[in-house]
Amino acid sequence: MDAKITTNIKNISLAVFSGVLGFLTFPPFNYSILAWGAFIPLFLALKECSPRKSFIISYIFGIVYFGGITFWLVNVTVPGTIILVLFLAIYVGIFGYIANLLLRYKMDLFILPFVWVVLEYLRGNIFTGFPWALLAYTQYHNIKMIQIADITGSYGISFIIIAFNIAVYAFLDRLEKRRVYMLGAFFLVVISTFYSSKILATLPIRTS
């Protein structure tokens, strides 16, 4: 088999796998722990793509990701669900395109959490808006970490999750700035956890 075809199949497979991990973090599956590594296969695929192909690869991820999250809408309308998923996947395609450019030109990958948050905001507010399935929602029962949302909103939690994925990817791929990314992600998680513990400590203790 041609090496180019093999690479394309591998990258598509990584994107699909990443998308599956992503939608499994949402109800009714609720494997929220997967959110902290769901984007790593996608990043591994993007590093070998051109910018144009990175959009396509990420778009495929988006179809799987949002298709798995909104599958129940087929009970309401099949054509509407298909159109919705194809539209929502565009946001992830843009994210992947930008991620590829950052990887290609060895720019700071911690720009990506900002990109993801901006795209989530646009998705939730542009036209009629679709604020469902923000990445932060995967952690709704992780009360020992998400209390910082009262300062940052849900977008702050999404930011931390993407930053953590980037740090682990950088470590696995032995990027030059991997230590900086790991320290940055560790700092965000520790700060969020510390703040949450302080907030929870002020709540009344239930005795029954």
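**Exercise 1.** At roughly what angle do the axes of helix H4 (residues 78–104) and helix H5 (residues 112–125) cross? Work from the predicted model, and classify the arrangement of the two helices.

*Solution.* Two packed helices are described by the angle between their axes and the distance between the axes. In this predicted model, the axes of H4 and H5 come within 10 Å and cross at roughly 160°. Angles over 145 degrees count as roughly antiparallel, and H4 and H5 are therefore roughly antiparallel to each other. As for handedness, the crossing in which H4 passes H5 is right-handed.

**Exercise 2.** Determine which residues of H4 and H5 meet, and describe the character of their contact.

*Solution.* On the H4 side, the residues are Leu 88, Tyr 91, Ile 94, Phe 95, Ile 98, Ala 99 and Leu 102, and they meet Leu 112, Val 115, Trp 116, Leu 119, Leu 122 and Arg 123 of H5. Sorted by class, the residues of this contact comprise 12 nonpolar, no polar and 1 charged.

**Exercise 3.** Examine the backbone at Lys 106 and Ala 133, and decide whether each residue is buried or exposed.

*Solution.* Lys 106, although not a glycine, has a positive phi of about 55°, and this residue lies in the loop between H4 and H5. Because its relative accessibility is 76%, Lys 106 counts as exposed. Ala 133, likewise not a glycine, has a positive phi of about 60° and is found in the loop between H5 and helix H6 (149–152). With a relative accessibility of 7%, Ala 133 counts as buried.

**Exercise 4.** Characterise the peptide bond that joins Pro 27 and Pro 28.

*Solution.* Omega is about 5°, and the bond is a cis peptide bond; Pro 28 is found in the loop between helix H1 (3–23) and helix H2 (40–46).

Conventions
Residues numbered from 1 in each chain as written. Predicted model: local features only at pLDDT ≥ 70, side-chain atom pairs only at ≥ 80, totals over all residues. Heavy atoms only, no water. Axes fitted to C-alpha atoms, helices over the stretch in contact; angles between N-to-C directions. Helix = DSSP H or I, 4+ residues; strand = E, 2+ residues; numbered from the N terminus. Parallel < 35°, antiparallel > 145°, perpendicular 65-115°, else oblique. Left-handed = near helix turned anticlockwise from the far one by under 90°. Contact = heavy atoms within 4.5 Å. Nonpolar A, V, L, I, M, F, W, Y, C, P; charged D, E, K, R; others polar. Buried < 20%, exposed > 50% of the residue type's maximum accessible area, 1.4 Å probe, protein only.
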